[in-house]
Amino acid sequence: MRVDGSRIFREAWIAGVQKYYPGEPKAAYVAPYEETPEWERAAAASVFELVRFFIESTGDGVKKLSRENKGRYVALCWTAQIFKRVEDPKPAYVAGWEDLPQWQQETDSDIFERIEDCLNGS
């Protein structure tokens, strides 16, 4: 089955922002997929594939990971994509897990779980 990982990632991101962001999020946080810059779509596709490979290569082992572990993995993969695609990123764009706001940690965890669901046919 062929899926559009970039779109799935973006839709999970938007859903997480809408669910967890305190107050009114920046317009760019919830911009539709079609309005997302190409570099960001490519980064989302790469992270989707990294998570997919991680899930598929660990088998049932991934089921034993905590929600936080899953979110940390997404955050780390995203940070690497930022370093790859943005010449001089703002510190907030490449912050470590402990420095991310809770809404973003929760959103990253949701993204991993959405990819899991997608791979399981949900």
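A crossing of two helices is called right-handed if the near helix is turned clockwise from the far one by less than a right angle, and left-handed if anticlockwise. Keep that in mind as we walk through this predicted model, in which local features need pLDDT of at least 70, side-chain atom pairs count only at pLDDT 80 or more, and totals for chains, interfaces and linings use all residues. Residues are numbered from 1 along each chain as its sequence is written, and side-chain values use heavy atoms, with hydrogens and water left out.

Let us begin with a pair of helices. Two packed helices are described by the angle between their axes and the distance between the axes. Here the pair is helix α2, residues 38–58, and helix α4, residues 102–119, with axes that come within 10 Å and cross at roughly 65°. Helices are DSSP runs of H or I with at least four residues, strands are runs of E with at least two, and both are numbered from the N terminus. The axes are lines fitted to C-alpha atoms, for helices over the stretch in contact, and the angles run from 0 to 180 degrees between N-to-C directions. With the opening definition in hand, you can name the way α2 passes α4: the crossing is right-handed.

Which residues make this contact? From α2 come F48, V51, R52, F54, I55 and E56, and from α4 come F112, I115, E116, C118 and L119. Contact here means heavy atoms within 4.5 Å. Sorted by type, the residues of this contact are 8 nonpolar, no polar and 3 charged. In that sorting, Ala, Val, Leu, Ile, Met, Phe, Trp, Tyr, Cys and Pro count as nonpolar, Asp, Glu, Lys and Arg as charged, and the others, Gly among them, as polar.

Two of those contact residues deserve a second look. Leaving aside neighbours within four places in sequence, V51 is in contact with Y73, V74, F112 and I115. V51 is also among the residues with the most contacts inside the largest nonpolar core, together with F9, V47, V74, W78 and I111; this core has 23 residues. Helices α1, α2, α3 (67–85) and α4 each supply at least two residues of it. A nonpolar core is a set of buried Ala, Val, Leu, Ile, Met, Phe, Trp, Tyr and Cys residues joined through side-chain atoms within 4.5 Å. The second residue is E116 in helix α4, which is buried at a relative accessible area of 13%. Buried means under 20% relative accessible area, exposed over 50%, and partly exposed in between, with a 1.4 Å probe and protein chains only. Beyond its neighbours within four places in sequence, E116 is in contact with I55, V62 and K70.

Now for the charged pairs. How many salt bridges does the structure hold? There are 11, each being a side-chain nitrogen of Lys or Arg within 4 Å of a carboxyl oxygen of Asp or Glu. R67, E106, D110 and E113 are linked in a network of them. Of these residues, D110 lies in helix α4 and counts as buried at 18% relative accessibility. Not counting residues up to four places away in sequence, D110 touches G16, K19, Y20 and R67.

Next, follow R7, which is partly exposed with a relative accessible area of 28%. R7 meets D4 in a salt bridge of 3.7 Å, N to O, and E34 in another, where the closest N and O atoms are 3.0 Å apart. The pair of E34 and R7 links distant parts of the chain: R7 is in helix α1 (5–20), while E34 is in the loop between α1 and α2, 27 residues apart. E34 counts as exposed at 52% relative accessibility. D4 lies in the segment before α1 and is partly exposed at 38%.

D60 and K63 form a salt bridge as well, their closest N and O atoms being 3.3 Å apart. Here D60 is exposed, with a relative accessible area of 55%, and K63 counts as exposed at 63%.

Finally, return to helix α2 and find S46. Is S46 exposed or partly exposed? At 21% relative accessibility, S46 counts as partly exposed. Leaving aside neighbours within four places in sequence, S46 is in contact with Q81 and R85. The C-alpha atoms of S46 and E113 are separated by 16 Å, with their positions 67 residues apart along the chain.
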